[in-house]
Amino acid sequence: MASTGSSSSPARPEADPAPADLAVGLVTYNHARAAEAIGQTVRTVLSARPAASAHRILVADAGSQDGTLERLRGAIGGGELVEVPFTAQTGDVLDLPYHGMPGRARALRAILREAADGGAQACVVLDAATAAAGPAAAEALCRAATELEADFITPRYARHPLSGALIHGVVYPLFRALYGARIRYPAASDFACSPRLLQATLADPIWETERGQSGIDLWLSATAAAGGFRLGQVPVEPMAREERDAVDLATTVRQILGFLFTDMERRVPAWQRVRGSRGVASLGEPTGAPAGPPDVHVAQLVDSFRFGWRELQDVWAEVLPPLAILQWRRLASARPDGFRVEDALWARTVYDFAMGHRLRVIARDHLLQSLAPLYLAWLASFAGEVRQAPAAAGEERIERLCLAFETEKPYLISLWRWPERFRPAKIRR
Amino acid sequence: MYLAYTADPEARLNLGIRRRLAPLMGNDRRRIELMTALLFSFPGTPIIYYGDEIGMGDNIQLGDRHGVRTPMQWSGQPNAGFSTAPPERLYSPVISDPVYGYQSVNVGRQEDDGASLLRWMRNMVALRKMFNVFGRGTIEFLRPANRKVVAYLRRSDQDLLLCVANLSRVPQPIELDLSAYAGMTPVEMLGYTAFPPIGELPYFLTLGPYGFYWFELQPGEA
């Protein structure tokens, strides 16, 4: 077990803190270059608050070796910054999660516990990259935490539909169909939460688990949605995000969907009772146009899918029923310009993978990573439709996809309740 | 009870019947499933006697209640996989008749068979566990004109279920007055299939021989 530099924090006050209206938490890891911008964001946000209100700034560092903490102290002011100790584990750094924050769940819990112990009426957690990009998201979340009567508030980022497409194409539709809550970014690493939610979640063992380190944000969203907590959403203006070390797609798919699928197994009575979906209270409407589409090469995506078809069709046949295999086979020979993956096929494919994951038809990691080429096929189809369209049309397209996931949900429930109905093309004896 | 279930007088013991479920039901899979569905949908904690989940038989020649205390039939191996002791040292001989014998009725075999009673039972247990209302909810019997069909509502704060069972060996029609739930949609729980919404008129269903339905009554579309 390794200890991060923050566990012997010199800046942590010895006396009990005075109760704060608002706690602002930051989880950092090698963000020295962005420290000045983060500090600027925090100062801007807190200076805009009423003079009578009290606040605390909490930071949990995941073991930065580039002097992040020193620079943050300088940027925010050492007297105001509370460095929250937590114990990271060696494995956290070895298996970097898709969000780039080793030991994120442990760090987050340290912040949330400190906020709860300090009697904060609301806790706003900011992703370091978001904070570095400017104060817009932080301001919006702090305002929402005060004005919205909600236990869990997430940002609704203004992003092009092709930016973060894994969220638009799988995570959001699946999450929404399962838990019935239209949390547009259920895996957002910026959020605000109430003491009520903190009380309900801090004792859970998830914070210390390996899977929790990559999926804790999704877990919080799912807990809030499935647990009947009041949900809120706040639009966040478009912003440029700090580039992170890219984790390859297959790993990201494995981590995110692996978490969602595993979490599903623990919430069966909740999601099997949910029909349709409901809106989430929102503070304002989205403003500003997102940046233009990122470079997406449909032909390359289709090629990747075809390569996957050649290499992985035997794996897919252990999860997908014969009809789906036939449909994907047809797509493998389709021309890129008319390449379209039907929403129902995509939704059922995701559900079939969820079943395959549950029944462990093959090694789970292998199974999840094999979904990546199918996702690229969906992305090629999606990009063909929305690449030239305005952002609003992209959102409408995502909405239609979500409705398909909701419509096909009985298929998933039927399989889940009677696993013998899960009949992939190739059955292993 | 005696008339219906003890054609063989040796099956009687004191005031009871010393038989397992499968022989009691004539080894009819539909009747076994029906009885289990009734058991699972009534209030309280259902108890399944070991071996009934695979349709084990009994040996009423063994005296007292020993006929239903034969070794669990785990596999087609010697002693039904229950013990490696010599057969003559077992507390009770294993069932080895052609119908219920361990060579044909055993856990290992049913694990591999997607249509087996064991798999069916396992799914029903999981389904029942998902709905606390089965154990803890209220029960309200409906009064259909067709007396061969039993119908009842199970209700809790969270769920409202309708259970309907045909106790007869032939198909039965039934009309239920569900007008109090007009607008709701019965969703069959095993296959998760939505049935037509409930209206003001009597709700019509047909059930196959020894058939049963469990429905979740879900609110209609807003």
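Me: In this predicted model, which residue of chain A does Arg119(B) touch, not counting residues up to four places away in sequence?
Reply: Contact here requires C-beta atoms within 7 Å. On that basis Arg119(B) touches Gln110(B), Asp113(B) and Gly114(B). The list of its contacts also includes a residue of chain A, Glu420(A).

Me: Is Arg119(B) buried, exposed or partly exposed?
Reply: A residue is buried with 20 or more other C-beta atoms within 10 Å, and exposed with 12 or fewer. Arg119(B) has 18 within 10 Å, so the class is partly exposed.

Me: Where in chain B is Arg119(B) found?
Reply: Take the position relative to Tyr2(B) as a start: the two residues are 117 apart in sequence and 31 Å apart in space, C-alpha to C-alpha. As for secondary structure, Arg119(B) is found in helix α5 of chain B.

Me: Which helix gives the largest share of the side of chain B that touches chain A?
Reply: The contact involves 9 residues of chain B and 10 residues of chain A. The largest share of the chain B side is 4 residues. They come from the helix at residues 117-130, α5 of chain B.

Me: How many charged residues are on the side of chain B that touches chain A?
Reply: Split that side by class. There are 4 nonpolar and 4 polar residues. The charged count is 1.

Me: How far apart do the C-alpha centres of domain 1 and domain 2 of chain A lie?
Reply: Chain A is divided into domain 1, residues 5-282, and domain 2, residues 298-421. Between them, 25 residues of domain 1 are in contact with 28 residues of domain 2. Their C-alpha centres lie apart by 29 Å.

Me: Which helix gives the most to the side of domain 1 of chain A that touches domain 2 of chain A?
Reply: By class, this side has 15 nonpolar, 7 polar and 3 charged residues. Both α7 and α10 of chain A supply at least two residues to this side. The top contribution is 10 residues, and it comes from α7(A).

Me: How are α7(A) and α10(A) oriented, roughly parallel or roughly antiparallel?
Reply: Helix α7 spans residues 165-179 of chain A, and helix α10 spans residues 249-266. Their axes are 12 Å apart, at an angle of about 5°. Angles under 35 degrees count as roughly parallel. Therefore α7(A) and α10(A) are roughly parallel.

Me: How many residues of the contact of α7(A) with α10(A) are nonpolar?
Reply: From α7(A), Leu166(A), Val170(A), Val171(A), Leu174(A) and Leu178(A) take part. They meet Thr252(A), Ile256(A), Leu257(A), Leu260(A) and Met264(A) in α10(A). No residue of this contact is charged and 1 is polar. The nonpolar count is 9.

Terms used. Residues numbered from 1 in each chain as written. Chains lettered and ligands numbered in written order. Predicted model: local features only at pLDDT ≥ 70, side-chain atom pairs only at ≥ 80, totals over all residues. Axes fitted to C-alpha atoms, helices over the stretch in contact; angles between N-to-C directions. Parallel < 35°, antiparallel > 145°, perpendicular 65-115°, else oblique. Contact = placed C-beta atoms within 7 Å. Nonpolar A, V, L, I, M, F, W, Y, C, P; charged D, E, K, R; others polar. Domains from an automatic or database assignment.
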